[in-house]
Amino acid sequence: MGTKKLIKQKAETQSEVWELGDVFRKKWLYKDEEWLTEHYQMLKGLCSVGYLKGIGFGDGEMWLDTYKIQGKLANTFEYTPEFIEKIFNFCLEHYYTKTKPYAHFDWDLSNMIINGDDISLVDWDNCRIYPEGQVFDKMESDLKKPFVGSDLEFIANNRLKELGENYNIKPNQWITNT
Ligand SMILES: Nc1ncnc2c1ncn2[C@@H]1O[C@H](COP(=O)(O)OP(=O)(O)O)[C@@H](O)[C@H]1O
Ligand SMILES: [Mg+2]
């Protein structure tokens, strides 16, 4: 194998991310075969073709390999009202049309890769079935976070609620209902 680069380490989750050529490896420094096997089965039903590569287990460790998604991380784009619209629409539509009752549940801009009009999600570690109310709350707090304290905060707060109405989410179902 050619290049092998440690991209990220997280103490809280005892995990590392390695870039191995055209593959990204999420590695956990503990082993839970039952969880990862079931998690992977679930992801096969949810993720786009060409993303998942496989899982593996070693002595006190386990990993999940994904193929590199081409594009740029969403957090490297200029934040504009159009950007907000695009991301928010994507997350709502993705949940309602692709994953529900499962939810990706980590809608951080560092987990979204943009390639022209396409947006893809990486980092499915928190994906499982969640009650819908919990999905709205988490999506709202994740999606508003990058804009808190900026000129776009007001737009972000309102736009999510307006777009949610297209999916019959009533304004008072979000965390902040003012
Ligand atoms: N399949 C992939 N294609 C492209 N980039 C990826 C892929 N998987 C991970 N990455 C990159 O690695 C970073 C960390 O991976 P991620 O799964 O989000 O780990 P963490 O749980 O530490 O946030 C991502 O923000 C992204 O930049
Ligand atoms: Mg991530």
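How far apart do the C-alpha centres of domain 1 and domain 2 lie? I started there, keeping in mind that this is a predicted model.

**Entry 1, the two domains.** I looked up the split of the chain and got domain 1 (4-67) and domain 2 (72-166). Their C-alpha centres lie 23 Å apart. For the contact between them, I noted six residues from domain 1 and seven residues from domain 2. Then I checked the character of the domain 1 side that touches domain 2: four nonpolar residues, two polar and no charged.

**Entry 2, ligand 1.** Next I went to the ligand. I found 18 residues surrounding ligand 1, and the closest are Phe24, Thr66, Ile69, Val122 and Asp123. Two or more shell residues each come from β1 (4-10), β2 (15-20), β3 (23-28) and β5 (61-67). β1 has the largest share, with three residues. Both domains take part, since I see at least three shell residues from each of domain 1 (4-67) and domain 2 (72-166). By type, the shell around ligand 1 holds eight nonpolar, four polar and six charged residues.

**Entry 3, Leu121.** I picked out Leu121, which sits in strand β9 (residues 118-121). Buried or exposed? I call Leu121 buried because 24 other C-beta atoms lie within 10 Å, and the cut-off for that is 20 or more. Leaving out residues up to four places away in sequence, Leu121 touches His104, Asn111 and Met112. I also looked at Tyr51: Leu121 and Tyr51 are 70 residues apart in sequence, yet C-alpha to C-alpha they are 9.7 Å apart in space.

Definitions and conventions:
Residues numbered from 1 in each chain as written. Chains lettered and ligands numbered in written order. Predicted model: local features only at pLDDT ≥ 70, side-chain atom pairs only at ≥ 80, totals over all residues. Near = placed C-beta within 6 Å. Helix = DSSP H or I, 4+ residues; strand = E, 2+ residues; numbered from the N terminus. Nonpolar A, V, L, I, M, F, W, Y, C, P; charged D, E, K, R; others polar. Domains from an automatic or database assignment. Buried ≥ 20, exposed ≤ 12 C-beta atoms within 10 Å, placed from the backbone. Contact = placed C-beta atoms within 7 Å.
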